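Look over the sequence and the structure first. The questions after them ask on what grounds each label is given.

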Amino acid sequence: MKLSIIGTGYVGLTSGVCFAEMGNKVLCIDNNQEKLNKLTKGQITIYEPGLEVLYIRNLKQKRLSFDSNLKAAVEFADVIFYCLPTPQDEDGSADLQHVIEVTEQIGDLLQNRDNYKLIVNKSTVPVGTVEMIKNILFGKGVRNFDVSSNPEFLREGFAVEDFMKPDRIVIGAESEKALKVLRELYEPFVRQGNPIIEMDVKSAEVTKYAANSYLATRITFMNELANFCEKVGANVDLIRKGMGSDSRIGKRFLFPGIGYGGSCFPKDVNALIKTSIDKGSKLTILEVVDKINKEQRIRFVEKILNYFNGNISGKYFAVWGLSFKPNTDDMREAPSITIIKKLLEYGAFVTAFDPVAMENAKFYLDELISYSENQYDALKDADALIILTEWNEFRNPDFEKIKSLLKEPLIFDGRNVYDLDDMKEKDFTYFSIGRQPIIRGKN
Ligand SMILES: NC(=O)c1ccc[n+]([C@@H]2O[C@H](COP(=O)([O-])OP(=O)(O)OC[C@H]3O[C@@H](n4cnc5c(N)ncnc54)[C@H](O)[C@@H]3O)[C@@H](O)[C@H]2O)c1
């Protein structure tokens, strides 16, 4: 099949590469010329495990190409995917300007053409957006087309794995013709029997928000429970295991921390809140989720402040981990940004290390902090180590080296990376989330 992908970011590039890997011919479009220049030359633009090998292979096989021209996209393929950004607007809603702009341009290009086009929306958009796209196209006089909703559920850090072997494919379509095309396209990805779930367009649009909001709620429940555990002397990690072993609950997405971040959960929760208010059926639970999530970051800073009796002015902290989660270079809405900015506001200094996100971090933190070439260089003469992302390489570090480099053996761990008994045995003062602090010489 020939496919055009509009928007070549995390979702667009992964989708384009994986579709090409299945033998399709894919043209990826973007309006960022710098990005296209790199991608055309074989330079990958995002960090995503396993993606580069597939990208290079399909580029060489000429199944994958890149262009800035929407006209080329419309001429190249009869199936056009939207993988466009839908960032949060000032009022919390999803900003649809990119979707509208591209649809208007495509509408102009499709006027007076007879051959059938299928537009497939993969961007996360409020319910009713497919209808809006259709109306724009009708308004431009376009006739022979369908617009379907095909929300994307890939996780950054596992994007290739998730795309190649999805738990499910959701397709919201209004015509048998569109369904047939999408079934055929996705069949190779669900050979093990995972379902292609077909539904109406509106339900497909809501399914994406429902999934992300539910996961955000689950994390938030654990974060609030963790705060409670700290007060009553319980250990949230043990409770997590006790709860998660119940097959009705399940083990995943129960890890407490410093709040969810990333390019999806925060904006999707807010967009669903806004839609629910606009439609007169308020999702109150999500307002609370968003509030607790924001507070969770600040609570972590307060933990650090309390240890230093409310004054961290002039203190120097080593931060390990900047990306919003491991295995990605994505810094969008990363809790590290809020936490580091707060520490700086209180007069502290920060040197940070992240295995892949430091370049992107500079966009958000600029010259406000220093960056270190490796995880240990950051520690030299620091007052404490602060862990903000649970990269694997932080799990088994050289603790003796950490001790020798820090002013005192003090760790604030926002991701519960280390075992409490181990920290006690290694003689660290150690603060984590939802577990009792380990204080050297005391417990
Ligand atoms: N990132 C994820 O993990 C993820 C997962 C599932 C769904 N989504 C959703 O998918 C959508 C895309 O997310 P993303 O993370 O890939 O975004 P992104 O910002 O990484 O990529 C979007 C790309 O679109 C390009 N673009 C913007 N306007 C354009 C235009 N007018 N014409 C052509 N290209 C244009 C940008 O330059 C960028 O390269 C969003 O709606 C997001 O919510 C994201």
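What follows is a set of questions and answers on this predicted model.

Q: Why is Gln296 called buried?
A: Gln296 has a relative accessibility of 3%. The label requires under 20%, so Gln296 counts as buried.

Q: Where is Gln296 placed, and which residues is it in contact with beyond its neighbours within four places in sequence?
A: Gln296 is part of helix 12, residues 284–307. Leaving aside those sequence neighbours, Gln296 is in contact with Asn223, Asn227, Gly257, Ile258, Gly259 and Ile433.

Q: What makes the pairing of the Gln296 and Asn227 side chains a polar contact?
A: The two side chains are joined at 3.0 Å. The cut-off for a pair of N or O atoms is 3.5 Å, and the value for Gln296 and Asn227 is 3.0 Å. The side chain of Gln296 also reaches the backbone oxygen of Gly257, again at 3.0 Å.

Q: Why is Asp290 called buried?
A: The relative accessible area of Asp290 is 11%. Buried means under 20%, therefore Asp290 takes that label. Asp290 is found in helix 12.

Q: Which side chain does the side chain of Asp290 make a polar contact with?
A: The partner is the side chain of Asn270, at 3.5 Å. The criterion is within 3.5 Å, and the pair is listed as a polar contact. Not counting residues up to four places away in sequence, Asp290 touches Tyr260, Val269, Asn270 and Ile273.

Q: Why is Gly23 called partly exposed?
A: Gly23 has 43% relative accessibility. Buried ends at 20% and exposed begins over 50%, so Gly23 counts as partly exposed. Gly23 is in the loop between helix 1 and strand 2 (25–29). Gly23 and Gln61 are 38 residues apart in sequence, and their C-alpha atoms are 9.8 Å apart in space.

Q: Why is Tyr346 called partly exposed?
A: The value for Tyr346 is 37% relative accessibility. Partly exposed lies between the 20% and 50% limits, so Tyr346 counts as partly exposed.

Q: Where is Tyr346 found, and what is it in contact with outside its neighbours within four places in sequence?
A: Tyr346 is found in the loop between helix 13 and strand 10. Leaving those neighbours aside, Tyr346 is in contact with Val301, Leu305, Ile312 and Ser313. The C-alpha atoms of Tyr346 and Gly314 are 8.7 Å apart in space, with the two positions 32 residues apart in sequence numbering.

Q: Why is Asn31 called exposed?
A: Asn31 has 68% relative accessibility. Exposed means over 50%, therefore Asn31 counts as exposed. Asn31 is found in the loop between strand 2 and helix 2 (33–40). The C-alpha atoms of Asn31 and Gly7, 24 residues apart along the chain, are separated by 7.7 Å.

Q: Which residues of helix 13 are buried, and what do they pack against?
A: In helix 13 (residues 335–345), the buried residues are Pro335, Ser336, Ile337, Ile339, Ile340, Lys342 and Leu343. They pack against helix 12, strand 9, strand 10 (349–353), helix 14 (358–365) and strand 12 (384–387). Just after helix 13, Gly347 takes a positive phi of about 95°.

Q: How many residues are in the largest nonpolar core, and which have the most contacts inside it?
A: The largest nonpolar core has 62 residues, and Trp320, Leu343 and Tyr418 have the most contacts inside it. Strand 9 (residues 316–320) gives the most to this core, with five residues. A second, separate core has 42 residues, including Phe19, Leu36, Phe66 and Leu185.

Q: What makes the ligand's approach to the side chain of Thr86 a polar contact?
A: An oxygen atom of the ligand is 2.6 Å from an N or O atom in the side chain of Thr86. The limit is 3.5 Å, so the pair with Thr86 at 2.6 Å meets the distance test. An oxygen atom of the ligand is also 3.0 Å from a polar side-chain atom of Arg332. The protein buries 92% of the 820 Å² that the ligand exposes when taken alone.

Q: Which residues come nearest to the ligand, and how does its shell divide?
A: Of the 27 residues around the ligand, Asp30, Lys35, Thr86, Glu156 and Lys267 come nearest. The shell divides into nine nonpolar, 10 polar and eight charged residues. Helix 5 gives the most to the shell, with three residues.

Conventions. Residues numbered from 1 in each chain as written. Predicted model: local features only at pLDDT ≥ 70, side-chain atom pairs only at ≥ 80, totals over all residues. Heavy atoms only, no water. Core = buried A, V, L, I, M, F, W, Y, C linked by side-chain atoms within 4.5 Å. Buried < 20%, exposed > 50% of the residue type's maximum accessible area, 1.4 Å probe, protein only. Helix = DSSP H or I, 4+ residues; strand = E, 2+ residues; numbered from the N terminus. Polar contact = N/O pair within 3.5 Å; in protein donor to acceptor, adjacent residues only side chain to side chain. Contact = heavy atoms within 4.5 Å. Near = heavy atom within 4 Å. Areas by Shrake-Rupley, 256 points an atom, 1.4 Å probe, with all protein chains shown as cover. Nonpolar A, V, L, I, M, F, W, Y, C, P; charged D, E, K, R; others polar.
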